[in-house]
Amino acid sequence: MSSENGFSWRYGYDIGIQDNQIIVRVEVNLVPGDGVKKIALDRVIPGWEKEIEHIWSRKFGIQTQTGQLYPIVVDAAFKGRRFHHDVIVKPGGGCCTDQLNWHILDTPMAIAHEFGHMLGNYDEYRRGALDPGTKIIDPTSIMTSKPKNGIAYPRHFQRVLDWFKEKNGSDNMMLLTLHQEPSK
């Protein structure tokens, strides 16, 4: 992807339908950087995974023209067969955290933001990697700078909707909000 101000990155995940749900699985290989021990990484992974899935999973669904609803389930996996992304985890807190460089003391909310780029989402703050088509700036979004209570919005799942429309050969579908609450 490329943004309005020249930032670019790669997004990737597996997507499919299982048990009438759309499953978006992102396998992330966390690579301990110098000064980060695997045991410390193992301690933060559950909190990161919980927040990622709290923000991104089961908030939206796609409804077909017949009324069939397919909830979107996002599965953040830090173990896998083949990884979509390699992320270096550095010591300390993150002054320079980005999609592929995290810090062991980064908040789960900051990690959920970076995970949003792995789903193909742009930043939504000034001087960020803005969508060249919409240039959205939204301080309530998970894709804002330093999100504290950010939430995901239907626009963040447009690629999933496009995939589903193509798979089903129909444009007559819509994204619905199923459940939404900000993190605490």
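**Stop 1: the largest pocket**

By class, 11 nonpolar, 12 polar and 9 charged residues make up the lining of the largest pocket. The model on your screen is predicted. To find the pocket, select Thr97, Asp98, His113, Glu114 and Tyr125, which lie nearest its centre among the 32 lining residues. Two elements give two or more residues to this lining: strand 5 (85-90) and helix 2 (108-118). Colour helix 2 next, since it is the element to look at here: helix 2 gives the most to the lining, with 5 residues. The space in the largest pocket comes to about 830 Å³.

**Stop 2: strand 5 and its neighbours**

Now select strand 5, residues 85-90. Which residues are on its covered face? They are His85, Val87 and Val89, while Asp86, Ile88 and Lys90 form the uncovered face. Show the side chains of both sets to see the two faces of strand 5.

Add strand 2 (residues 21-32) to the selection. Strand 2 and strand 5 pair in the parallel sense, over 5 bridges. To see one place where these strands meet, pick Asn29, which stands opposite Asp86 in strand 5.

Then add strand 6 (101-103). Strand 5 pairs with strand 6 in the parallel sense as well, over 3 bridges. Pick Val89 here: its bridge partner in strand 6 is Trp102.

**Stop 3: Cys96**

Follow the chain from strand 5 towards strand 6 and stop at Cys96, in the loop between these two strands. Is Cys96 buried or exposed? Its relative accessible area is 51%, so Cys96 is exposed; the cut-off is over 50%. Leaving aside residues up to four places away in sequence, Cys96 touches Asn101 and His103.

**Stop 4: a salt bridge within helix 1**

Side chains of opposite charge can pair when their charged atoms come close. A search of the whole structure finds 6 salt bridges. For one of them, select Lys38 and Asp42, whose side chains meet with N to O at 3.0 Å. Both residues lie in helix 1 (residues 38-56), and they are 4 residues apart, about one turn of the helix. Lys38 counts as exposed because its relative accessibility is 55%. Asp42, at 38% relative accessibility, counts as partly exposed.

**Stop 5: Arg155 and its partners**

Select Arg155 together with Glu124. They form a salt bridge, and the closest N and O atoms are 2.7 Å apart. Arg155 and Glu124 lie in the loop between helix 2 and helix 3 (158-168), so the pair ties together parts that are 31 residues apart in sequence.

Keep Arg155 selected and add Asp138. Arg155 forms a salt bridge with Asp138 too, with the closest N and O atoms 2.8 Å apart. This pair links distant parts of the chain: Asp138 is in the loop between helix 2 and helix 3, as is Arg155, and the two are 17 residues apart.

How accessible are the three residues? Arg155 counts as partly exposed, at 31% relative accessibility. Glu124 counts as buried because its relative accessibility is 5%. Asp138 is buried too, with a relative accessible area of 14%.

**Stop 6: a network**

Finally, select Arg25, Glu27 and Asp75. Which kind of link joins them in a network? The three residues are linked by salt bridges.

Note on methods: Residues numbered from 1 in each chain as written. Predicted model: local features only at pLDDT ≥ 70, side-chain atom pairs only at ≥ 80, totals over all residues. Heavy atoms only, no water. 1 Å grid on protein atoms, 1.4 Å probe; cavity = no way out; pocket = protein on both sides within 12 Å on 5 of 7 lines; lining within 4 Å. Points joined across faces, edges and corners; volume = space filled by probe spheres on them. Nonpolar A, V, L, I, M, F, W, Y, C, P; charged D, E, K, R; others polar. Salt bridge = Lys/Arg side-chain N within 4 Å of Asp/Glu carboxyl O. Buried < 20%, exposed > 50% of the residue type's maximum accessible area, 1.4 Å probe, protein only. Contact = heavy atoms within 4.5 Å. Pairing = 2+ DSSP bridges.
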